[in-house]
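Hello,

The structure you are taking over is placed just below. My notes on it follow.

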Amino acid sequence: MLAITLFFIGHWLLSIFFQTFFLHRYGAHRQFVMSHRWERVFYFLTWLAQGSSFLSPRGYAILHREHHAFSDTRRDPHSPLFQKNPLAMMLHTKNRYRDLVQRRVEPEARFASGLLEWEALDRIAHRWSTGIAFGAAYTLFYIAFAPSIFYFALLPVHFLMGPIHGAIVNWCGHKYGYRNFDTPDASRNTLPFDFLTLGELFQNNHHQARMAPNFAARWFEIDPAYLVIRMLAAIGIVQFTADNRAPGTQEGVYAASAQNR
Ligand SMILES: [Zn+2]
Ligand SMILES: [Zn+2]
């Protein structure tokens, strides 16, 4: 029971951490910088953590930049305003993501600058056999440690971890919660302490100031991933860009970013 609980929570948190830290804040927005070597380390760790539902940083960044540009309009790749339910929304998103990753469609030039690329790893990660190998590893862990067969009902969450996180963030974050800022989209802050998706559910704050590495804007809000990023900055692994250097000037970052929205 303990082993399965730790495995489930660990896989959940690591998968969403690399999504928000590496794919989103670094890959799509470049809120901070890091050396090429660290970039490769985190790219690899993102693949390990996300396993069978790994998202290509290039595909994710284009899709996500489209989301900011067309937020809650018909061209948004995932808006709950134009989809019946989270499943329909994620299928719609998946098709757009697949077309971008397989280069069946060309993104607008404004969404394609400074993309992270590691084609060899992406190719291996997207193979059927790789997905099946990760799925088999999750299943073997459950065979070894699950106290009863009922626990196997959790396995699909491991197989589809990335899309499940995407559905929670993109559906709830534009539908449920409170608003700090009067943004032109439907974005909301769903949880004041986002222990579930490590900061991703501060959608309203993030749409107000997409270059702010701290998704928490008010005194009672806690963005767990930002606390980790500050630690990585303190030991020199990442460096904040000039605008984002001083955490004490958070309000300034929000005010300045809002003007460039
Ligand atoms: Zn959003
Ligand atoms: Zn964003």
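Helix H6 (residues 128-145) has 18 residues, so at 1.5 Å a residue it should span 26 Å, and its end C-alpha atoms are indeed 26 Å apart. The expected span is 1.5 Å times one less than the number of residues, and helices are DSSP runs of H or I, at least four residues, numbered from the N terminus. H6 is hardly covered, with 1 buried residue among its 18; buried means that 20 or more other C-beta atoms, placed from the backbone, lie within 10 Å of the residue's own.

This is a predicted model, in which local features need pLDDT of at least 70 and side-chain atom pairs count only at pLDDT 80 or more, while totals for chains, interfaces and linings use all residues. Residues are numbered from 1 along each chain as its sequence is written, chains are lettered from A and ligands numbered from 1 in the order in which they are written.

The largest nonpolar core (buried Ala, Val, Leu, Ile, Met, Phe, Trp, Tyr and Cys joined through C-beta atoms within 7 Å) holds 37 residues, and Phe17, Phe18, Phe21, Phe22, Leu23, Tyr60 and Ala225 touch the most other members. At least two residues of this core come from each of helices H1 (2-28), H2 (36-50), H3 (57-69), H4 (86-101), H8 (161-172) and H10 (224-234). H1 gives the most, 8 residues.

Beyond its neighbours within four places in sequence, Ala225 is in contact (C-beta atoms, placed from the backbone, within 7 Å) with Phe17, Thr20, Phe21, Leu198 and Gly199.

Between H4 and H8, Pro86, Met89, Met90 and Thr93 of H4 meet Pro163, Gly166, Ala167, Asn170 and Trp171 of H8.

Regards

Notes:
A residue is buried if 20 or more other C-beta atoms lie within 10 Å of its own, exposed if 12 or fewer, and partly exposed in between; C-beta atoms are placed from the backbone. Two residues are in contact if their C-beta atoms, placed from the backbone, lie within 7 Å.
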